[in-house]
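Work through the exercises below with the model open beside you. Try each task before you read its solution.

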Amino acid sequence: MTQVKLSPLTEEIATFYAKMLDHEYTTKEVFQKNFFKDWRKVLKDEAARLMEEFGYCLLDGHREKIGNFKLEPPGLFRGRGEHPKMGRLKKRIQPEDVAINCSKDSKIPEPPAGHKWKRVQHDNTVTWLASWLENIQKRPKYIMLNPSSKLKGEKDWQKYETARRLKECVKSIRKRYMQDWKSREMKSRQRGVAIYFIDKLALRAGNEKDDESADTVGCCSLRVEHIRLHKHLDGLDHVVEFDFLGKDSIRYYNKVPVEKQVFKNLKLFIKHKDPEDDLFDRISTVNLNKALTESMSGLTAKVFRTFNASTTLQDQLNKLTSDDGTVEEKILSYNRANRAVAILCNHQRAAPKTFEKSMQLLQEKIQKKKEQIEEARKELKEAKQVDKDTPSDKSSKLVEKKQKAVQRLCDQLKKLQLQETDREENKVIALGTSKLNYLDPRITVAWCKKHQVPIEKIFNKTHREKFAWAIDMTDESFQF
């Protein structure tokens, strides 16, 4: 059930309806239809008024949209997975908790009557407009510009350009970390193996957390209990079996063949250690990121993740896309390429609650379409027989008409079957996260232009707004 916070006006209108719940009028379809039509209009007008009043700011003289100008209401904290703080009370945020960030010459927003802001600052080195500390995780929350803003677009462009720069030096970085595998210094060996995991498996670096956080780990915080070593498994040599909770308490489970020297090092790292001991006990994320930055300015584990995700998408699209395929076939190819990235980045989801029902409806449509094709083929056969027995212009045109009908129905069936395949393959894979955060949007824009696929078929409204810069600047020749 979705909860909607109503303004006094829209709540008053809702009470008009509530007063009549026991009356026969609320059972009449016309009454219901007219009420909800008028109420939705008032709700829409109210939302537009709030957006106009609070949804924009001025940045360098330009009117820019604000991303999230409404604070989260109080409630009970849920967290992701088995979070130890689930069920705790999220307190109401008061103006006294909120810091405002604006230019000195701007009109400072008025706090609600009887209240004052925690502080007003004028810091042009940060991009947030307001900030407060939430009481559960004790972490700062921010009101930022909308992803479609010029500033956000520039930061996005810089992020993907940094990832593209990695292409020029990734060979030397790989050569360096492979040399580290045989270093006399244990710290260097551990760092070399950790960077290899970040490169090959797109693992997050992993950060130090307080004891009350969920037990989630990244590469540097892996423990001995999170891996099992198999000299031979499933016909492969030197296999590492990973099993741990990653970001948002999503399980990462993978069996991966690794280089022989990596396997030897892992055996060395776990020797004489207990299951709860750190696998990489000589390095930290600070040490790891320092080594990455020395290899390339601006390089972090996240840049590696972005680079490998975008490279995988580009390679898969080049491999899977057929020039002579239909739009639907090309979209299936795109989603398969996107799915390869989601699997690499461990972007999973639970199957949607409506999945079984929607698949059943789709399968019923497919069955109905098959029956229509069977009927249409019978009619075509009869028309051909008539044309054979008593040929005429009329009978010939009828055959042509029936042939087109069969072809049209077959095309429709193929489209439905492609949808079925696509939905089934994406059942427990979240394609949206990588698309929004790790894939250079120019790859998608160039692919759409090259293969005449409408951008709306791949990017939803949020994507198109966020990646307006990529849509404007990219031609079909772009390759990551």
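The exercises go from the whole chain down to single residues, and the model is a predicted one.

**Exercise 1. Overall form**

Find how many helices and strands the protein chain has, and decide whether it is more spread out than a compact globule.

Solution.
- Start with the elements. The protein chain has 14 helices and eleven strands.
- Now take the radius of gyration. It is 29 Å for the protein chain, whereas the globule rule gives 23 Å for 480 residues.
- The value is well over the rule, so the chain is more spread out than a compact globule.
- Add the box. Along the principal axes, the C-alpha atoms fill roughly 90 × 70 × 45 Å.

**Exercise 2. A pair in a helix**

Explain how D45 and K41 meet, and how far apart they are in sequence.

Solution.
- Begin with the principle. Side chains of opposite charge can pair when their charged atoms come close.
- Check the distance. From N to O, D45 and K41 are 3.2 Å apart, in a salt bridge. The cut-off is 4 Å.
- Look at the helix. Both residues sit in α2 (residues 29–54), four residues apart, which means about one helical turn separates them.
- Widen the view. The whole structure holds 24 salt bridges.

**Exercise 3. Two charged patches**

Name the residues of the positive and the negative surface patch.

Solution.
- Take the positive patch. K182, K231, K260, K264 and K267 form it on the surface.
- Ask where its largest share comes from. Helix α5 (residues 260–270) gives three residues. K267 is in helix α5.
- Turn to the negative patch. E371, E374, E375 and E382 gather there. E374 belongs to helix α9 (residues 355–389).

**Exercise 4. A loop residue**

Place K118 and list what it touches.

Solution.
- Locate K118. It is in the loop between β5 (99–101) and β6 (119–121).
- Leave out residues up to four places away in sequence. K118 then touches P95, E96, D97, V98 and A99.
- Compare G235. It is 117 residues from K118 in sequence and 63 Å away in space, C-alpha to C-alpha.

Note on methods: Residues are numbered from 1 along each chain as its sequence is written. This is a predicted model: local features need pLDDT of at least 70, side-chain atom pairs count only at pLDDT 80 or more; totals for chains, interfaces and linings use all residues. Side-chain values use heavy atoms; hydrogens and water are left out. Helices (H or I, at least four residues) and strands (E, at least two) are DSSP runs, numbered from the N terminus. Contact means heavy atoms within 4.5 Å. Patches are made of residues with over 30% relative accessible area and no salt bridge: like charges are joined within 9 Å, nonpolar side chains (Val, Leu, Ile, Met, Phe, Trp, Tyr) within 5 Å. Accessible areas come from the Shrake-Rupley method with a 1.4 Å probe; for residues, only the protein chains shown count as cover. A salt bridge is a side-chain nitrogen of Lys or Arg within 4 Å of a carboxyl oxygen of Asp or Glu. Lys and Arg count as positive and Asp and Glu as negative; His and the chain ends are not counted. The place of a charge is taken as NZ of Lys, CZ of Arg, CG of Asp or CD of Glu. The radius of gyration is taken over C-alpha atoms; the globule rule is 2.2 Å times the number of residues to the power 0.38.
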